[in-house]
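Student: I am new to this structure. Can we go through it in questions and answers?

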Amino acid sequence: MSRIALLGGGFSTDEDGVLDDWVLGHARASRPKVCFVPTASGDAAGYIEKFFDAFRARDCEASVLPLFRRELDDTALRDFLLAQDVVYVGGGNTANLLAVWRVHGVDRLLREAYAGGTLLCGISAGANCWAEGSHTDSYGPLTRLPDGLGLLPGSVCPHYDSEPGRRSSYRAAVTRGALPAGWAVEDGAAALFTDGRLTEAVTRTPDARLFRVRADGGTGAVEEAVPCRPLGG
C-alpha cells in the first residue's frame, strides 16, 4: 500500500496542528519516524526550527534531511530515507526542489520509500512534487510545471483559494491541455491517496475544499467539489 497526502496547511501555517495530527494518524507505526525535507526553501533554518518545535511535542521521532549541506553518503542517505514512516516536504520553489533532488538521487529514493509503504506528504511545493505536473510560481508568474515525480497521476494546484490568479490560471492550463486533470487544494483542506486513488479528504476549517478539475471537452474546465470530513470538532 503506497500513500501520498496533499496538505493545505500544517505546522508552517496553522497553530492548531490538526492536519499534522491527521498525517501522523495515518503513519504505519505507533511512534513514527518523521523526516522533514526543506529543500524547496533552500533548507531555511527558521523553517527547520519551526518543524522541530511542532513535532518534538508529538509522539514521534522527528528528523530533518538537509541537502544544501549534505551530511550523508549515498548508502547512509538511502538507509535513512527508507527507515522513515513519514516524509514531510515543505513549501518553497517546486522547480528547484525537483532539480536538487535529482542531483542527489533523492527522487529515486523517494520512489523506493513510497513503494515500501512510507507515507509521503507535504504542503505547497511539497504537494506539487508528487504529481505528474503542477501549478507553480517557481519561475515568478504563475505557470504550469509539467514535471514531477509522477507518483500521483495528474496534476496538483495548491493555495487554490488564497493566492490571486491561482484558480483562473490553473483552470486555463487544464482547459488547454498544458496540465492534465488534477486536484486543486484550498488552504485548510487535505487529501489522502492510496495507490494513486483518492481515499480520504478532510478539512480543518468549515469552508476549505478540495476540487477535482478537468477539461470539459470544449473551451472550459469543470470543477467537482469533493466531500471533506471535518477534523478537530
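Student: Which residues have the most contacts inside the largest nonpolar core?

Tutor: The model is a predicted one. Its largest nonpolar core has 40 residues. Helix α4, residues 94-104, gives the largest share, five residues. Those with the most contacts inside the core are Leu6, Trp101, Leu110 and Trp130.

Student: Take Trp101. Which residues is Trp101 in contact with, leaving aside its neighbours within four places in sequence?

Tutor: A contact here needs heavy atoms within 4.5 Å. By that test, the partners of Trp101 are Val37, Thr39, Leu67, Val89, Val106, Asp107, Leu110, Cys129, Trp130 and Leu149.

Student: How many residues are in the other core?

Tutor: That core lies apart from the largest one. Trp22, Val23, Val34 and Phe51 are among its members. Its residue count is 27.

Student: Now the sheets. In what order do the eight strands of the open sheet run?

Tutor: The pairing in this sheet is mixed. β3 (61-64) and β14 (229-230) each have a single partner strand, so one side of each is left without a neighbour in the sheet. Those two are the ends of the order β3-β2-β4-β5-β1-β10-β11-β14.

Student: What is the bridge partner of Ala5 in β5?

Tutor: Strand β1 covers residues 3-7, and β5 covers residues 119-123. The two run parallel, joined by four bridges. In β5, Ala5 is partnered by Cys121.

Student: At about what angle does helix α1 run to β10?

Tutor: Helix α1, residues 18-25, lies across several strands of this sheet, including β1, β2 and β5. β10 (189-194) is also one of the strands it lies across. The angle between α1 and β10 is about 15°.

Student: There is also a sheet of six strands. Which strands stand at its edges?

Tutor: This open sheet has the order β7-β6-β8-β9-β12-β13, with mixed pairing. Its twist averages 25° from one strand to the next. An edge strand has a single partner, so one of its sides is left without a neighbour in the sheet; here these are β7 (143-145) and β13 (221-226).

Student: Which residue is the bridge partner of Thr136 in β7?

Tutor: Strand β6, residues 131-136, runs antiparallel to β7. Three bridges join them. The partner of Thr136 is Thr143.

Student: Which residues of α7 are buried?

Tutor: Helix α7, residues 166-175, lies across β6, β8, β9, β12 and β13, at about 40° to β12. The buried residues of α7 pack against β6, β8, β9 and β12. They are Arg166, Tyr170, Ala173 and Val174.

Student: Why do these buried residues line one face of the helix?

Tutor: Look down the axis of α7. The buried residues line one face because they fall within an arc of 95°.

Student: What residue follows α7 with a positive phi?

Tutor: Its phi is near 80°. The residue is Gly177.

Student: Last, the whole chain. What is its radius of gyration?

Tutor: The chain has seven helices and 14 strands. For 233 residues the globule rule gives 17 Å, and the chain's own value is close to that, so it is as compact as a globular protein of that length. The radius of gyration is 17 Å.

Student: What share of the residues count as buried?

Tutor: Buried means under 20% relative accessible area. Of the 233 residues in the chain, the share that meets this is 55%.

Methods
Residues numbered from 1 in each chain as written. Predicted model: local features only at pLDDT ≥ 70, side-chain atom pairs only at ≥ 80, totals over all residues. Heavy atoms only, no water. Pairing = 2+ DSSP bridges. Axes fitted to C-alpha atoms, helices over the stretch in contact; angles between N-to-C directions. Core = buried A, V, L, I, M, F, W, Y, C linked by side-chain atoms within 4.5 Å. Buried < 20%, exposed > 50% of the residue type's maximum accessible area, 1.4 Å probe, protein only. Arc of directions from axis to C-beta. Rg over C-alpha atoms; globule rule 2.2 N^0.38 Å.
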